[in-house]
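This report looks at a sheet with its covering helix, and at one threonine in a loop elsewhere in the chain. The sequence and the model are shown here.

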Amino acid sequence: MSNTLSEYLIRQYGVSEEDMQEAVITKAEKGGKLSDILIRKKVTTETRILEAFSKLYDIPFWPKLPLESIENPLTRDVPIQFLKKCCMVPLAIIKNDGRLQNDEPETNQSEYIIAVNDPSDFQPLDDLTRMLNSREYKIVLSTKDSILSAINISYDLNRDSAEQLVQNMEEDGATIINEIEDTADLLDDTSDAPIIKLVNHIISQSIKARASDIHIEPYQDSFKVRYRVDGILYDLLKPPKWIQPALTSRIKVMAKMNIAEKRLPQDGRLEVKIGDQDIDVRISTLPTSFGERVVLRLLNKSTSLLQLTELGFSPEKLALVKDIVTSPNGIILVTGPTGSGKTTTLYAILSSINTPDINIITIEDPIEYQLRGISQIQVNQKIDLTFARGLRSIVRQDPDVILIGEIRDLETAEIAVQSALTGHLVFSTLHTNDSASAITRLVDIGVEPFLISSSVIALGAQRLVRVLCKECREPYTPDAAMLEGVGIKPEQIENNPVYRPVGCPNCFNTGYRGRVVIMEILVMDPHLKSLVLKTYDSARIKKEAKMTTLRQDGVQKVLQGVTTIEEVVRVTQK
């Protein structure tokens, strides 16, 4: 069949005979499928090969499977590893009358659809139909991505709910702990131990809800599991108190932490897979009066890095940022509390200036994303690799741009200043409430004002506000007191309606989906540089600066229908 496929691709899609011959030679030497070799060498595309298979075998080609209508009981009888390896999935498609196409999958008369990626591979198809105990089925062709998505969705839908898992657990966690094993893919885990199922379910449901953190909080006679979505904590589960030790121990074992030590704080990390998503999990435990409190920070490494244009800057602010970051030298500081998106903004900035002709080196704690073409150093306190020590070595590596994860002490600040004064562009973060307070903070840790004046070129303070769900937001007229509180004049909303959240399935009934940056940027012009030499009072500096404040930038987002007045008030000062 390969020869027929080859001829068809040459005749219908213009694949050259030289490319085809080279692929055939590669197949003979290294093995594999001809179609995979052609795609890998970018001779043709997966879609074209599937279209060719469709014509040759007279099988329908579905580029996208109807994932929104999958309600799939078929996967109960088939291991997920088998489907992923063979790249096929049986589907039960919901009919218009609401019934499943395979209401009785155990009978021989059942009809269902099997989506395959390679129709020439007959043996796995025969194996699958034997597992399903049925001979009536229809085959369709689909892409690997669509089939893998359908597999993941099908198995996720069939997993027990957290409440069911808790109800099924026995009150003896000691025997459960002995059965714990780490798994590469949480959806692949077939362990019968209820505590393992529960932990896997908590993590997978949190990732599905786009959560950034999972909190396990013990109290005197209860404990709860919560997750943080778009900066707000929501209750996920309230299991019985006796499950707490087993749940905590399972997480500590997964992270290779000391399960016997319950009196001291511990840190750990692990990597899990949810289908095609790679998740980096950082774990922190803290002893409290009623047991260990555990927080899991979830970092989805499969998501692409945001670009500057995707952060939500206004055109004027975006132009200002692009102008600042192309400076040849100086220090640019981004400030804000933990979780305000400082690192994401700095990564987007580095991506925008990352070209082959400049040398960019970073020192971070931790490295959150791998940046192609950029050298990244991980701080390691155990071997005394601190920010200051790493920074001293970085400046001997001939960098053009340096990113310091955070300026925490005088030694780091002094090296950053000296680097900026000797021709390097330095980016870093500080934990302060606004941009002007960063100058006060630098003076407080011991940096001389004249060094700040000569090295710092810009300071930005940012927050994240939740974005209204476009599917369910509704316009309304706020009362006069609320408008006055944020500085909106009544005439401003005559042509710009203000929206409020409602809630729908698309946004998990929160009314919000995603977050966007609001930022104030303080550029150190000659007037402010001379002012810093006289005073480092943040209130005076902020008053003299010509900039759009955080509150004002948030108000602009409200008038654009992006967020709500309540969100802006929540994250900004007057």
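Which residues does threonine 563 touch, not counting residues up to four places away in sequence? In this predicted model, threonine 563 touches Val465, Arg466, Leu468, Tyr499, Gly554, Lys557, Val558 and Val568. Threonine 563 is found in the loop between helix H21 (550–559) and helix H22 (565–571). Its relative accessible area is 0%, and because the cut-off for a buried residue is under 20%, threonine 563 counts as buried. A polar atom of the threonine 563 side chain lies 2.7 Å from the backbone oxygen of arginine 466, a residue that also appears among the contacts of threonine 563.

The second region is an open sheet of six strands, whose order is E6-E5-E4-E9-E8-E7 and whose pairing is antiparallel. At its edges are strand E6 and strand E7, each of which pairs on one side only. On average, neighbouring strands of this sheet are turned by 25 degrees against each other, direction ignored. Strand E8 and strand E9 run antiparallel and are joined by 10 bridges; in one of the pairings, isoleucine 283 has leucine 296 in E9 as its bridge partner.

Helix H11 (residues 244–254) lies across strands E4, E5, E7, E8 and E9, and runs at about 45 degrees to E9. The residue ranges of the six strands are as follows.

| Strand | Residues |
|---|---|
| E4 | 211–218 |
| E5 | 223–229 |
| E6 | 232–237 |
| E7 | 266–274 |
| E8 | 277–288 |
| E9 | 291–300 |

Key
Residues numbered from 1 in each chain as written. Predicted model: local features only at pLDDT ≥ 70, side-chain atom pairs only at ≥ 80, totals over all residues. Heavy atoms only, no water. Pairing = 2+ DSSP bridges. Helix = DSSP H or I, 4+ residues; strand = E, 2+ residues; numbered from the N terminus. Axes fitted to C-alpha atoms, helices over the stretch in contact; angles between N-to-C directions. Contact = heavy atoms within 4.5 Å. Buried < 20%, exposed > 50% of the residue type's maximum accessible area, 1.4 Å probe, protein only. Polar contact = N/O pair within 3.5 Å; in protein donor to acceptor, adjacent residues only side chain to side chain.
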